[in-house]
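Here is a short set of exercises to work through with the model open in your viewer. Try each task before you read its solution.

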Amino acid sequence: MKNLELAKIFNEIADILEIQDIQWKPQAYRKAASSIASLSIDIEKIYKKSGLKGLDSIPGVGKHLALKIEEYLKTGKIKAYKQLKKKVPIDLAELTHIEFLGPKKAKRLYKELKIKNIKDLEKAAKAGKIAKLSGFGEKSQQDILEGLGMYKLGKKRALLNIALPIAKEIIQSLNKLKEVKSAEYVGSLRRMKETVRDIDILVISNKPKKVIQTFTSLDNVKKVLAKGPTKASVVLKNNMHSDLRVLKPEEKGAGLLYFIGSKEHNIALRKIAIEKGYKLSEYGLFSRNTGKRIPGTSEKDIYKALSLKYIPPELRENQGEIEAAKKGKIPTLISIKDIKGDFHVHSKWSDGSDSIKDLATTAKKLGYQYLCISDHSKSEKIANGLSESNLLKQIKLIKKLNKNFRGFKLLAGSEVDILADGSLDYPEKILKQLDIVIGSIHSRFKSSKQEMTKRICTALENKHLNILGHPTGRLINQRKPYNLDLDQVFKVALENKKHLELNAFPNRLDLSDTNLKEAIELGLKISIGTDAHSKDQMNYMKFGVATARRGWCQKNHILNTFTLKQLPKYFKKL
Ligand code: DGT
Ligand code: CA
Ligand code: ZN
C-alpha cells in the first residue's frame, strides 16, 4: 500500500514550499496528505478502478495533485518533488527528530544558517551560532545540543517495537530449514531490554554451513560483515546489525545462557560454577577434574546443577536475581495471559484514529474484560482534547454501547492534563462522572525539580485522580525524564491510595523497569496502559508486560490482571 509513502512525500513538498515562502500551496499538499493517510483503502486500487477521476474524488485532492499521484503510482517518482529537493536540500525529517526542534525552527535555521542536516546543526550549535539567533538564545542552543546527544544514542540502540518484528522474521526464515533444530533470538532483545544495540540469533544445528549461507543471503541483509564456519555478522536494511551463532544440540542450554546474557549475569554464574568444581562456557557445563560434560542440556538443567532456581531472561541483569535463585525465591512473573484489560487508549474523539466501537471490538478479540477510553482533555489543543460537552457526550455513548456487551465493559476515562499549578484540566462536576481519571503532564517539562514534584504531588492529592500517567515523562532516545523527586511522588501516591502507570508505548516504557521494582516494593499498584492511538497499537501491551517482568512484577502488582469484578476495590467509582 503506497498511501503512507505518498502522504509523506506530500508533507515534505509542503515543508519545502513553506521554506520558500510560497503561500496556499503548502496547505493544499498537507490537506491531501492527511486525507490520503487516513484512507482505509489502497490508493493504487482506487486508481486502477477509476483512474484520475477516482483520485480526484479523494477529499483534498484536486486535478493537479491527482496527476502527481498518478505519476508516482506509474513511475515510483514525482519529478517536481525531486527538483524541489535539489533546490532546497534540507533534511527536515531528520532535523525534526531532535527534541525541541520543530519544523518552524528548523526552517529558520536553514534560512539563516544554511543548516541542512544533523551534521550542520551540531557544527553550528557547538560554534555557538544558534544562541546568537533572535528567538533562539543560549537555552535553545543547550536544548538542541542535549537533543543531539539523545539522537545519537537512538542511532546506536533501537526500540523494541523496531527490533522485535525483524528478529521474529529472521528466526522464522531460519526455522524453515530442515537443517535447523531451533532458531531463537537472544541477547538484550530476549531479555526485552527497552532498547537493543543489535539482533543476536542462536541456531542449533549440525549443519552450520547451510545455516550461515541462508542467514547471510536473507532478503533483509544489506551487507555481510563477517562469515565464518559457525558465525556470521550482517548489516540489515534498516542499518541494524545482526549476529548469528550456530551451536550443536548438546550445547543448546549453555549456548542460550551465554548469548541471552547479560554479561554480568553470566560472569556471576561462572563464578558459582567454579566454586562447585565446574567450568561453564557457551559450549556447556563441564567437570574441572575430568573435563567431562555434566549431563542435561537445557538452561533449567544448568541452573539446577548450580543449585539455582530457573531465572527468566528478563531478570538476568545481576540485580539480585542470583541471590534470589539461591534461596529458591524467584517470583512468578506476570505474563501476557494474565492481562484482562487496557487502561489507556485514545479514540478518534481526540487524536486516535479508530472509533470507540472498533477499539472495543479489538479489546474483546484480545480476550479483555474491560477497556478504558482515555482521550485527551480540553487544554490539549494539538491533540484535539475533548471539550466538556464532548466528554459528556462520549460518556453517554460509552454507557449506551455497554448495554450491548456481555462480559465486557468500556470504562469512561480521560487522560486529564495536570496543569501548571497541579490542578486537573476539568472541573469537579465533570471529573465526578468519569470511571477512571489518568492525570498526565504534557506541558512545561523543564520546570525545576521542586516545582515539578510539587505539581505532581498536588495532582496525586486530588481525590478525583486515579492513575498518574507516564510518571517520569521520558521519551526513550529523545527526551530525559522530568526533573523529579520520584521517591516523594511514590510516597504521596501511596498515602493517597493512587496508582502509577506503566505506559507501554515502546518509546515511553514509563515507569521503567528499575522504577517499577522500587514502586512495587513500596506496595504501589501498577496500571499498564498501551496509550494506543489506533487499535493495532493495543498490541503494545506485550512491551508493557515485558517491562513489568523486568521490574520483577507479579500478577498481584498489576491492576490489569484483576477481573472486572475485582476492580472496584482499586477504583472506587466502578
Ligand atoms: P546490547 O547488544 O548492548 O543491547 O546487549 P547484549 O546483552 O545483547 O550484548 P551483546 O550483543 O554484546 O552480547 C550478547 C550476549 O552475549 C550478551 O548478553 C552476553 C554474551 N556475551 C557477549 N560478550 C560477552 C563476554 O565478554 N562475556 C560474557 N560472559 N558474555 C558475553
Ligand atoms: Ca545484543
Ligand atoms: Zn499522555
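**Exercise 1. Classify the two partners of a salt bridge.**

Task: Decide whether Glu-184 is buried or exposed, then find the residue whose side chain meets Glu-184 in a salt bridge.

Solution. Keep in mind that this is a predicted model.
- Step 1: Glu-184 has a relative accessible area of 18% and is therefore buried, since buried means under 20%.
- Step 2: The salt-bridge partner is Arg-190, with an N to O distance of 3.0 Å.
- Step 3: Arg-190 has 23% relative accessibility, so this residue counts as partly exposed.

**Exercise 2. Trace a salt-bridge network.**

Task: Which residues are joined into one network with Lys-107 by salt bridges that share partners?

Solution.
- Step 1: The network consists of Asp-15, Glu-18, Arg-30 and Lys-107.
- Step 2: Place Lys-107 in helix H7, residues 103-113.
- Step 3: Check its accessibility: at 9%, Lys-107 counts as buried.
- Step 4: List the contacts, leaving aside neighbours within four places in sequence. Lys-107 is in contact with Asp-15, Glu-18, Ile-19, Arg-30 and Leu-92.

**Exercise 3. Set two salt bridges side by side.**

Task: The structure holds 31 salt bridges. For Glu-44 with Lys-2 and Lys-74 with Glu-70, work out where the partners lie.

Solution.
- Step 1: In the Glu-44 and Lys-2 pair, the closest N and O atoms are 3.4 Å apart.
- Step 2: Glu-44 belongs to helix H3 (43-56), while Lys-2 sits in the segment before helix H1 (3-19), so this bridge ties together parts that are 42 residues apart in sequence.
- Step 3: Both ends count as partly exposed, Glu-44 at 22% relative accessibility and Lys-2 at 24%.
- Step 4: Turn to Lys-74 and Glu-70, whose closest N and O atoms are 3.8 Å apart. Both residues lie in helix H4 (63-75), four residues apart, or about one turn of the helix.
- Step 5: Lys-74 counts as exposed at 60% relative accessibility, whereas Glu-70 counts as buried at 15%.

**Exercise 4. Read the sheet from edge to edge.**

Task: Why does one side of S10 and of S16 have no neighbour in the sheet?

Solution.
- Step 1: Write down the order of this open sheet of seven strands: S10-S11-S12-S13-S14-S15-S16, with parallel pairing.
- Step 2: S10 (341-345) and S16 (526-529) stand at the edges with a single partner strand each, so one side of each is left without a neighbour.
- Step 3: Look at the S16 end, where four bridges join S16 to the parallel strand S15 (499-503). Here Leu-500 has Ile-526 as its bridge partner in S16.
- Step 4: At the other end, helix H17 (356-365) lies across S10, S11 (370-376) and S12 (409-417), running at about 145° to S11.

**Exercise 5. Find the cores.**

Task: Which members of the largest nonpolar core touch the most other members?

Solution.
- Step 1: This core has 59 residues, and the ones sought are Leu-371, Leu-410, Ile-456, Leu-500, Ile-526 and Ile-528.
- Step 2: Take Leu-500 as an example. Not counting residues up to four places away in sequence, Leu-500 touches residues including Ile-467, Phe-490, Leu-511 and Ile-526.
- Step 3: Now add the second, separate core of 48 residues, which includes Ala-14, Ile-16, Ala-32 and Ile-115.

Conventions
Residues numbered from 1 in each chain as written. Chains lettered and ligands numbered in written order. Predicted model: local features only at pLDDT ≥ 70, side-chain atom pairs only at ≥ 80, totals over all residues. Heavy atoms only, no water. Pairing = 2+ DSSP bridges. Helix = DSSP H or I, 4+ residues; strand = E, 2+ residues; numbered from the N terminus. Contact = heavy atoms within 4.5 Å. Axes fitted to C-alpha atoms, helices over the stretch in contact; angles between N-to-C directions. Salt bridge = Lys/Arg side-chain N within 4 Å of Asp/Glu carboxyl O. Buried < 20%, exposed > 50% of the residue type's maximum accessible area, 1.4 Å probe, protein only. Core = buried A, V, L, I, M, F, W, Y, C linked by side-chain atoms within 4.5 Å.
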